[in-house]
Amino acid sequence: MISSWRQKLMSRGYHVVLGGHGENEPRGVGFAKNKAVKQSHGKYLCFLDADDVIDPTRVEYQYKEALTRPNTIVGCQFHREPKDSTKRYTKWANSLSQDQLYTQMYTSHGPTVVMPTWFCCREVFQKVGGFSELGQGTPEDLIFFYGHLELGGRLYRVDQDLLMYRYHPEMTTFSIKEETIMKLRLEALESRVLSHWPAFTIWNAGKQGRRFFRSLCHDNQSKVVAFCDVDQKKISKRFYIFEESPEKIKPKVAIVHFKEARPPFIICVKMDLTDGGFEENLNSLNLTEGIDYFHFN
């Protein structure tokens, strides 16, 4: 595909450089991206997957924003092909506010600025040190994303649909284990958020909330003052006891109704799945996202 486009682009005066490696085994997505950047020489980098389709104005709009945002990954809105694939994910990514690009960076959706839409100054890439080259099963985009933010990097999204982001069952994303992504998300949350909180409540007394609690380091487990929920069956149990804990005295955490819980919250409830019920409950508390709660779902 790329070779065929090379001739078309060169016939119109564009310089095209192709590269690869001589090994028998694939080197992975991270290697390919790093190789492409190394072969290039421009001040700005615009990432585009071979099976996606770029809008003719994408570079213009993102370049304009990147000029005034030197330490920023600039993304854009997108649509999918086939049209209704990953409907919830597409809605989430395209409707985040600029502030939510930071506050919702710990969800299972991955980077809030979707990788195929990235546009940035070369210095951003060099500062992080490029993408991980560990190969298949490595979420190189999420590792780079968190690394960028850890170094003080910024995020911005152009609120225009400038990319057709193709969906297919063989996407590299599906080769990455959930546990791998969960570990990275948790490390980032504990480092950037929980380390600054003396106490907090976990919103979800069910499977996902308990799993989150068990995954926390010991210090952060001790900060959990309660689980909260809306399900009376869970609330009636009154306590969750972490029986698998290596501690002699097993951690015992209260379970309360969400209206009786006190912030800040780590929310382990998936959004846009309850016909607005969860969102209505959350909004009723008049909390501020990024201060009173973060999503981890």
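**View 1. F227, a buried ring, and its partner Y240.** In this predicted model, F227 counts as buried because its relative accessibility is just 1%. Its ring pairs with that of Y240 in an edge-to-face arrangement, with 5.5 Å between the centres and 85 degrees between the planes. Y240 is buried too, at a relative accessible area of 11%. The pair ties together distant parts of the chain: F227 belongs to strand β7 (residues 224–229) and Y240 to strand β8 (residues 239–241), 13 residues apart. The whole structure has 23 aromatic pairs.

**View 2. A cluster of aromatic rings.** Which residues are linked into a cluster by ring pairs? They are F47, W118, F125, F131 and F144.

**View 3. Two arginines over tyrosine faces.** R69 sits over the face of Y156, 3.8 Å from the ring centre. Turn to R80 and you find it over the face of Y165, again with 3.8 Å to the ring centre.

**View 4. Cysteines without a bridge.** How many disulfides does the structure hold? Zero. For C217, the nearest cysteine sulfur belongs to C268 and is 15 Å away, so with a cut-off of 2.5 Å there is no disulfide here. C217 counts as partly exposed, since its relative accessibility is 35%. C228 is in no disulfide either; its nearest cysteine sulfur is also that of C268, at 9.8 Å. Is C228 buried or exposed? At 0% relative accessibility, C228 counts as buried.

**View 5. Helix α4 and what covers it.** Helix α4 runs over residues 87–95, and its buried residues are Y89, T90, W92, A93 and N94. What covers these buried residues? The cover includes β3 (72–81) and β5 (154–166).

**View 6. Helices α7 and α8 side by side.** Two packed helices are described by the angle between their axes and the distance between the axes. Helix α7 (residues 140–150) and helix α8 (residues 178–192) have axes that come within 11 Å and cross at roughly 10 degrees. That angle is under 35 degrees, which means α7 and α8 count as roughly parallel to each other. On the α7 side, the residues that meet α8 are L142, I143, Y146, L149 and E150. Their counterparts in α8 are I181, L184, R185, A188, S191 and R192. If the spacing of those numbers looks familiar, here's the background: an α-helix has 3.6 residues a turn, so residues three or four places apart point the same way.

Methods: Residues numbered from 1 in each chain as written. Predicted model: local features only at pLDDT ≥ 70, side-chain atom pairs only at ≥ 80, totals over all residues. Heavy atoms only, no water. Phe/Tyr/Trp six-rings, centres within 6.5 Å; stacked < 30°, edge-to-face > 60°. Helix = DSSP H or I, 4+ residues; strand = E, 2+ residues; numbered from the N terminus. Buried < 20%, exposed > 50% of the residue type's maximum accessible area, 1.4 Å probe, protein only. Lys NZ or Arg CZ within 6 Å of the ring centre and 35° of its normal. Contact = heavy atoms within 4.5 Å. Axes fitted to C-alpha atoms, helices over the stretch in contact; angles between N-to-C directions. Parallel < 35°, antiparallel > 145°, perpendicular 65-115°, else oblique.
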